[in-house]
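Colleague: I am new to this one, and I would like to learn how to read it. Could you walk me through a few features?

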Amino acid sequence: MEFKDNEAIYLQIAAYVCDNILLDKWPPEQKIPSVRDLAIELEVNPNTVMRSYEFLQKQEVVYNKRGLGLFVAADGYETVKRLRKENFLAQNLPELFKNMYLLDISAKEIEERFESFKSANYSTTTDKKNDEN
Amino acid sequence: MIEIKGLCFGYRRKPLLFKDLDLNLSEGHIYGLLGKNGAGKSTLLKNMIGLAYPEKGKVLFNGSNVAGRPVSVLEDVYFLAEELFVPSLTPGQFVTNTGVFYPKFSIADFYQYLKVLDIDPDSVMDKQSFGQQKKTMIAFGLATNTSLLIMDEPTNGLDIPSKVQFRKLIASVLTEDRCIVISTHQVRDLDSLIDTLLILHDREIVVNSTVEEITERITFGVFDNTKNLDVLYEEDGMRGKNAIIKNTNGKFSKIDLELFFNAVTQGNNSLIKILNAAEYE
């Protein structure tokens, strides 16, 4: 796995786990890879993966079944989505707003573009797993 | 696991390489030993396993003095040297002769490691290329299953796919009972594997901290402008200033080992003070 320079590795690994949950590769109540297996797959120190898993347990994305390993929480998908949304609103949106202001782009123009983007990339027949909030 | 107390060492008719050096290494970690050319990295490693004898001070392995070379130490440590001298034997023959010295040696592991590193077990070792010899000895070293595994520049000579396999192997063999020490200049090969950094500079270990402790205290980043920041060290880079600043927001950045190494070895005292402060804030 290629790691970006601007974020701690343990957070990037946590994001990788969250991606797999959002993509439904790892559905709720499924066991996630052991610390050792994920460390081997990603070529990282097992202690780093341990730290990512502790972080995700604290966020209640995954939970520990005694002696069996870590599992995706029943509402893991919703939790990841909520955390991502909070992060987007706090980090990415202000950045977008700043550019909209500087480049004089109206909210209406963004809305139109967003609609055509959705119809181009996501056909209306395939429902998203959860409706828009 | 390893305790170095007041180590002084110098080669004959040369100034001391280490003066009153103290260092403790514990199991469950992958240590990365960094230092400039000639700082004494290899010499320090040799002192740890009884291949060089301290002038003063001592090195203990689980309480035993390694300079006495007791069997209890030798059978539970493995040192992969940077330069290898291999016999005119195949890996299979070599293992029959030498595996027996290590009680926890696993023949099955050895052949498994040879396979993933793409080494023919029937090739004669002194006819192999340097990279192949290195990989054969890496496989052997890992298969000894010793509590302490020391490797001096293990990625030198490895091709690109072998480096990937090497990282996977190292990730797979670290257990809570094992201590791995890797000395290297190729920090990019190993920066996601090392959890604790040791920097040897000016006859001392100036840094002995986990990556977590380091990034808790200082932040690495690229900035357009560092004028209003509390900069500890900076270098000009392609996208702006690569800088190390105090960590004030509690967020963890990704450590830039090269930048960190340069900062430390250029005698950045304020940086070292922040790292070594017993309690921060």
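Colleague: Which residues in α4(A) are buried?

Modeller: First, some background: this is a predicted model, where local features need pLDDT of at least 70, side-chain atom pairs count only at pLDDT 80 or more, and totals for chains, interfaces and linings use all residues. Residues are numbered from 1 along each chain as its sequence is written, while chains are lettered from A and ligands numbered from 1 in the order in which they are written. A residue is buried if 20 or more other C-beta atoms (placed from the backbone) lie within 10 Å of its own, exposed if 12 or fewer, and partly exposed in between. In α4(A), G76(A), Y77(A) and V80(A) are buried.

Colleague: What covers the buried residues of α4(A)?

Modeller: Contact here has C-beta atoms, placed from the backbone, within 7 Å. The cover includes α1 (9–22), β1 (62–65) and β2 (69–72) of chain A. Helices (H or I, at least four residues) and strands (E, at least two) are DSSP runs, numbered from the N terminus.

Colleague: How far apart are the end C-alpha atoms of α4 of chain A?

Modeller: The expected span of a helix is 1.5 Å times one less than its number of residues. For the 28 residues of α4 (residues 76–103) of chain A that gives 40 Å, and the end C-alpha atoms are 38 Å apart, which agrees. There is also a bend, the angle between axes fitted to the seven residues ending at a residue and the seven starting there: α4(A) bends by about 40 degrees at F88(A). After the helix comes D104(A), with a positive phi near 60 degrees.

Colleague: How many residues does each chain give to the contact between chain B and chain A?

Modeller: Chain B gives 16 residues and chain A gives 16 residues. On the side of chain B that touches chain A, helix α6 (residues 160–173) of chain B gives the most, with 5 residues.

Colleague: Why does E82(B) count as partly exposed?

Modeller: Count its neighbours: E82(B) has 15 C-beta neighbours inside 10 Å, so it counts as partly exposed. You will find E82(B) in the loop between β6 (77–80) and α3 (91–98) of chain B. Leaving out residues up to four places away in sequence, E82(B) touches S42(B), D152(B), E153(B) and N156(B).

Colleague: And how far apart are E82(B) and S192(B) in space?

Modeller: From C-alpha to C-alpha, E82(B) and S192(B) are 21 Å apart, with their positions 110 residues apart in sequence.

How values were computed: Contact = placed C-beta atoms within 7 Å.
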